[in-house]
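This report covers charged pairs, nonpolar cores and one helix. The sequence and structure come first.

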Amino acid sequence: MSDSIKIEMDCSSPEQTEVTANSVEDLIPPKSRKVYDFTYRRFLKWAEQQKASHYSENVLLTYFNHLSNNEHLKSSTLWSHYSMLKAELNINHNIRLGKYTKLLAFLKRKNAGYKPKKTKILSKQQVDNFLHNAPNEKYLATKVILILGVTGGCRCDEITSLTMGDIEDLGSAILIKLQDTRNYKSRSFIIVEKFYLEICRKYISVRKDIKISRFLLKYHNGKCANMVMGKHKIGSAPREIASFLKLPNYHEYTGHCLRRTSATLLVDNGDISALERHRAWRSMPVTESCRKDSIENREQTVLKVLTPLDINKPSTSNNLNSVVDITIKIESDSDDTDKRELGTTSPVKIENFGEYKLGPLIVEGKTKQVYELPGSPDLCILLNTDRITAGDGVKAHDLAGKAALSNKTNRKVFEILNAVGVKTSFVKPATDVAFVSKRCKMIPIEWVTRRLATGSFVRRHPGVPEGYRFYPPKHETFFKDGANQNSQWSTEQIISAKFKVNGLEIGPTEVDIMTRTSILVFEVLEKVWATRNCALIDMKIEFGVDTTGEILVADVIDSDSWRLWPSGDKRLMVDKQMYRNLTTVTASDLDTVKRNFEWVVDQLDHVIPPNDHLIVILMGSPSDKEQCKNIEKYCQQLGLNTELRVTSAQKGTEETIKIVRYYESLSVKVVFIAVAGRSSNGLGPVISGNSPLPVINCPPLKADNVDKDDVWSCLNVPSGLGCSTVVYPEAAALNAANIVGLSNYIVWSKLRVKQLDSYVGLAKADKGIRT
């Protein structure tokens with residue numbers, strides 16, 4: 001410790017002295033403290049033997065010359081000693097080795113011509129060869145190490161320290177969380193390749209019953225031992241792999257092989273920036289060395305890395321069918337308006353589009369074009385392009401295939417909304433990249449609904465933490481004004497603007513209808529995505545007014561419209577926000593964005609809920625048929641499956657119970673609706689007393705029996721029975737839909753739309769009365 005530090009400490013209180021000592025100790029990396037201390041004490045012992053009382057530049061030169069000539073340390077080791085001594089001498093003696101220019105010149109001269117030994121790396125073919133051909137009986141754990149090392153670019157100590165709590169199976173992927181990394185920053189990665197997932201899950205199933213938190217255990221003859229796998233065993237995995245593959249000089253495949261293999265395979269795709277982000281390399285020279293090691297596509301990779309992306313090049317999508325002659329070149333994205341009028345871009349020549357003959361271009365946005373449909377003045381064709389933009393067009397790239405992906409996503413979303421009764425402009429698909437829409441004049445407002453606070457909301461509301469949950473959902477509106485980058489507007493501003501769209505003036509009633517509709521659309525799609533264990537965080541939609549004056553959900557809803565976080569994890573985002581977050585955009589980044597969009601399309605193929613419910617309407621006699629038919633009609637309007645049966649609880653008790661047992665045996669969710677007239681309506685209570693399934697009573701009331709016992713026999717039931725009672729057929733259907741809707745978002749959504757339609761009808765009637 002330097003004299004100056006000692007003097008300061010002597011003048012300090014004991015508490016200050018202790019804090020200072022601890023602070024000085026923390027200047028050395030905790031993981032490296034022992035080796036730093038060993039190197040420092042080794043130098044002090046040498047200096048003592050040489051009777052050196054001061055650590056001048058000449059003393060240090062003599063010491064490093066001794067290390068080089070007498071102890072034969074290599075150049076890389078000399079630099080390592082220099083780095084550790086530089087820190088220790090600075091802390092303990094206030095000596096700045098960086099000022100010793102002769103010493104630096106000596107080390108640089110020793111470095112001349114030195115070629116460090118580097119581990120050999122595995123090729124993609126060698127990795128696949130081992131994973132497919134090595135027997136699991138012996139190599140299952142080694143396969144897992146290989147997958148972790150290559151997929152996540154992990155160091156041996158990072159793999160060693162993994163615990164079972166760091167592994168999360170998401171269904172379509174496995175999330176790996178690295179807590180103990182060399183640069184002290186936790187990071188994570190996911191395994192998505194199906195074959196890799198099978199291997200990892202097989203290993204997890206083998207070791208799951210062993211009560212040890214560490215993930216990797218010693219593995220022998222198809223079984224895991226009750227003992228952790230050490231760092232050196234994990235580090236020897238590359239040699240074991242190389243030996244199995246009979247690679248020459250297999251001993252040169254060291255523990256660092258997997259991390260370098262990961263980097264080299266990634267760079268083979270021409271993506272250095274992704275390498276730095278995903279593998280957490282701390283220096284550009286290391287990244288560059290991995291690039292140079294890339295053998296398979298060296299020339300192609302250089303071209304990929306060095307050739308700048310041309311953001312103005314024409315679309316390369318092959319999704320336009322052969323009968324379309326289309327030439328599009330977006331000259332500039334600097335226009336402030338979201339949709340550019342005809343004439344601001346190069347000519348677009350389209351004669352036939354699938355089965356449709358197109359008219360003039362109506363309007364063009366940053367990522368889509370709208371065309372007239374000759375002979376159908378109330379319809380139009382909306383064509384998606386392969387353009388992806390962010391920041392109001394400040395950032396823009398071509399993404400081959402995006403048009404088709406956007407069109408598929410939009411189609412599936414609007415088909416769901418149409419199916420549950422939301423009024424939209426979507427009519428039907430036209431081609432892979434376009435759809436037929438009702439022709440609307442757009443209201444220049446974006447309607448944003450949020451479940452969690454993130455993004456711009458957090459920036460605009462300091463103090464609200466990231467992830468704050470809104471209930472009910474938070475609603476915001478933004479005026480589409482490119483000059484002010486879609487400035488936020490209040491409800492009062494929208495009403496005061498008095499927009500007149502297709503003859504309809506947007507006033508308080510219209511704003512309220514659109515606000516309620518945008519929240520409903522969010523809640524419907526939130527339930528849709530919940531079926532795929534994916535959280536809908538927020539989304540934006542737009543409204544238009546069609547030629548009849550009807551307000552419709554319009555424009556496009558695709559991966560540009562929302563934030564989607566699988567398993568609610570922001571790090572796994574699969575929406576366009578990933579593209580927005582990129583400071584630089586590489587070809588590999590665009591591939592990742594495209595894969596995310598493809599994932600969204602694939603998930604939407606699996607969101608239709610199973611048709612696993614049945615509403616059984618039981619009538620006490622054929623005279624109750626009219627009441628039951630009315631119930632069936634209302635049920636079917638809500639998308640419910642129905643069956644009608646005739647049985648009497650008094651005259652055929654055994655048969656009634658037999659019918660109940662039959663429906664209990666089915667692998668569907670059954671709800672009974674009991675309809676029985678006259679003064680002794682025991683059908684519902686009998687079923688309720690003999691079955692755990694829900695029962696709804698709906699006696700057929702008429703003007704001459706309202707004051708009799710038909711209702712009371714359903715209400716005044718013995719203890720232990722839980723059947724409900726309603727008196728109108730529609731109410732019985734709604735009650736059944738409430739039960740089914742708990743597990744079926746289609747039915748739930750139809751109920752929500754019905755509630756909205758009731759409000760809209762009242763609001764419009766009230767406006768008509770007032771005006």
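Lys368 is buried, with a relative accessible area of 13%. The model is a predicted one. The side chain of Lys368 meets that of Asp555 in a salt bridge, 3.7 Å from N to O. Asp555 is also buried, at 11% relative accessibility. Lys368 sits in strand 10 (residues 368-372), and Asp555 sits in the loop between strand 23 (551-554) and strand 24 (562-566), so the salt bridge ties together parts 187 residues apart in sequence.

A further pair is Asp605 and Lys412, joined by a salt bridge of 2.3 Å, N to O. This pair also links distant parts of the chain, 193 residues apart. Asp605 is in the loop between helix 22 (587-604) and strand 25 (613-619), while Lys412 belongs to helix 17 (residues 402-420). Lys412 is buried at 8% relative accessibility, whereas Asp605 is partly exposed at 48%.

Lys124 and Asp128 make a local pair. Their closest N and O atoms are 2.8 Å apart. Both residues lie in helix 7 (residues 124-133), 4 residues apart, so about one helical turn separates them. Residues three or four places apart in an α-helix point the same way. Lys124 is partly exposed at 36%, and Asp128 is partly exposed at 22%.

| Salt bridge | N to O distance |
|---|---|
| Lys124 and Asp128 | 2.8 Å |
| Lys368 and Asp555 | 3.7 Å |
| Asp605 and Lys412 | 2.3 Å |

The salt-bridge count comes to 33.

Next, the nonpolar cores. The largest has 54 residues. Leu417, Ile506, Leu525, Met539, Ile557 and Trp562 touch the most other members. Helix 20 (residues 508-530) supplies the largest share, 10 residues. What does Leu417 contact beyond its neighbours within four places in sequence? Its partners are Val422, Thr424, Val521, Val524, Leu525 and Ile557. A second, separate core holds 47 residues, including Ile159, Leu178, Tyr203 and Ile241.

Helix 5 (residues 75-93) is 19 residues long. From first C-alpha to last it reaches 26 Å, close to the 27 Å expected at 1.5 Å a residue. Its buried residues include Leu78, Tyr82, Leu85 and Leu89. Polar or charged names also appear in the buried set, among them Ser75, His81, Glu88 and Asn92. Just after helix 5, Asn94 takes a positive phi of about 55 degrees.

How values were computed
Residues are numbered from 1 along each chain as its sequence is written. This is a predicted model: local features need pLDDT of at least 70, side-chain atom pairs count only at pLDDT 80 or more; totals for chains, interfaces and linings use all residues. Side-chain values use heavy atoms; hydrogens and water are left out. A nonpolar core is a set of buried Ala, Val, Leu, Ile, Met, Phe, Trp, Tyr and Cys residues joined through side-chain atoms within 4.5 Å. Buried means under 20% relative accessible area, exposed over 50%, partly exposed in between (1.4 Å probe, protein chains only). Helices (H or I, at least four residues) and strands (E, at least two) are DSSP runs, numbered from the N terminus. Contact means heavy atoms within 4.5 Å. The expected span of a helix is 1.5 Å times one less than its number of residues. A salt bridge is a side-chain nitrogen of Lys or Arg within 4 Å of a carboxyl oxygen of Asp or Glu.
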